[in-house]
Structures are given as C-alpha cells and as structure tokens.
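Here are a few notes to read with the model open beside you. Take them one at a time and find each residue as you go.

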Amino acid sequence: MKTMDKLKNKVTNKKKMLTFLLGILLIGILAGSLFIVMLNSSDKTMIKDYLEQFTNSVQSHKLNYGQALMSSLGTNLFFVIMIWLLGISVIGLPIMIFFYFSKAFILGFSVSSIIYQYKLKGCLLAFFYVFPHHIGNILIYTFLMLYSTRLSLHISKMLLAKKTLDFKRIMTRYSMVLLISVIGVSVTSLFEVFVMPTCIEFILPIIK
C-alpha cells in the first residue's frame, strides 16, 4: 500500500507541475502574441524588413545553411544546458521559469508578427514556421523543465531537512534527461535549417 501511495503522489505531483508549466507556456505565448500591438511604427517596420529579407533569401536560395545551423544549434543547446545546470542548483528555479517563459514569449511574438505582416494568408506561413520544429522544441523544453524543476525542488527539500542525497543515482538519471534533450533539439535544428525553408518556399507565391 505504501508503494502505491508513493506512486500516486508522484503522478499527482507530476500532473501539478506539468499543469503549472503549461500555464506559463500559454501565458508566455499570449503575451508574445499581444506584444506586437504595443510596438511603435518604427519597430513594426523593422520586423517587416526582417521578414521580407528572410523570405527573399528563401526564394533566391541565398540562405547560409552552415551559419543558420550553427545559430539554431547554439541557441537550443545553450538553453538546454542552462536549464539542466540550473536544475541541480537550489536557486535556479526562478531563472528556469524565466527562460521557459521567454521561449514561449518569442514563439508567440514570431507567429503574431508573421500574421500581422501577411494577414490571413500569414497563418499558412506561420504554420510552417512553427510546425513541427518549434512545437518539437517546446515539447523538449517542457520535458526538460519538468525534470529540472522537480530536481531543484527535491534538492532544496532534502537540504532543508538535512537528509543525505544519493547524488550519483540522481545524476545518472538526470544525465539521460540531458542526452534526450540534446538529441531532440539537434533533430529539430536540422529540420529548421534544411527542411523548413523548402516548405516555406512552396507557399511564398501564395501569400505574396
């Protein structure tokens, strides 16, 4: 019975943590989506110029794939490693939540910027811009955040209770979480750089 109770508590705690993270995700995406309305005309013009430059680069096949891959991988791996490291610290929880919120905010802002520029037709471009690599990244980040947040809270709880931690066992399992996350964002980065531009190239004549 004790084993079943422990299992139920773990499942309940995971559900609560997942609900909390999904709430932050939705708030971040919503805040990012609404932020475009708050920008002044010069900032909106800058976004318009950036989108036009990007779409023109895709159409003319002038994308620097090597540089784009390094940029995408660098950004994703930095985020994953930082969250992972913060998960084994006592004070890392607020910073992790901020990073997670910022990712959701950027996603919401990117999608709303595309739709603002291209109106209803921009929904099609936004779909290919987001799916599946950005959706994949969000799932990976949520998976990582779930384990990192729980670990950070567990370490804090054990330290306050002055109990001994089996750090070797914890780090073995936690290292697997890092490995899965690194492989995941590497795959999404490859898709973003080498597949997403091709998909966008096909739909640009429709929206322009």
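The points below cover one serine, some aromatic rings and two lysines.

1. A quick reminder before you start: this is a predicted model.

2. Let's begin with S189, which you'll find in helix α7, residues 167–194. Is S189 buried or exposed? Its relative accessibility is 0%, and buried means under 20%, so S189 counts as buried.

3. What does S189 touch? Its side chain reaches the backbone oxygen of V185, at 2.9 Å. If you skip the neighbours within four places in sequence, S189 is in contact with L69, S72, L73 and N76.

4. Now for the rings. The count of aromatic pairs comes to 11. Take F101 and F105: their ring centres are 6.3 Å apart and their planes are at 35 degrees, so this pair is tilted. A pair counts as tilted when the angle is neither under 30 degrees nor over 60.

5. Where do those two sit? F101 and F105 are both in helix α4 (residues 93–118), and because they are four residues apart there, about one helical turn separates them. F101 has 28% relative accessibility, so it counts as partly exposed. F105, at 23%, counts as partly exposed too.

6. Which residues form one aromatic cluster with F101 and F105? The other members are F35 and F109.

7. Finally, have a look at two lysines sitting over rings. K103 lies over the face of F79, 5.2 Å from the ring centre. In the case of K119, the charged end sits over the ring of Y116, at 4.9 Å from its centre.

Terms used
Residues numbered from 1 in each chain as written. Predicted model: local features only at pLDDT ≥ 70, side-chain atom pairs only at ≥ 80, totals over all residues. Heavy atoms only, no water. Helix = DSSP H or I, 4+ residues; strand = E, 2+ residues; numbered from the N terminus. Buried < 20%, exposed > 50% of the residue type's maximum accessible area, 1.4 Å probe, protein only. Polar contact = N/O pair within 3.5 Å; in protein donor to acceptor, adjacent residues only side chain to side chain. Contact = heavy atoms within 4.5 Å. Phe/Tyr/Trp six-rings, centres within 6.5 Å; stacked < 30°, edge-to-face > 60°. Lys NZ or Arg CZ within 6 Å of the ring centre and 35° of its normal.
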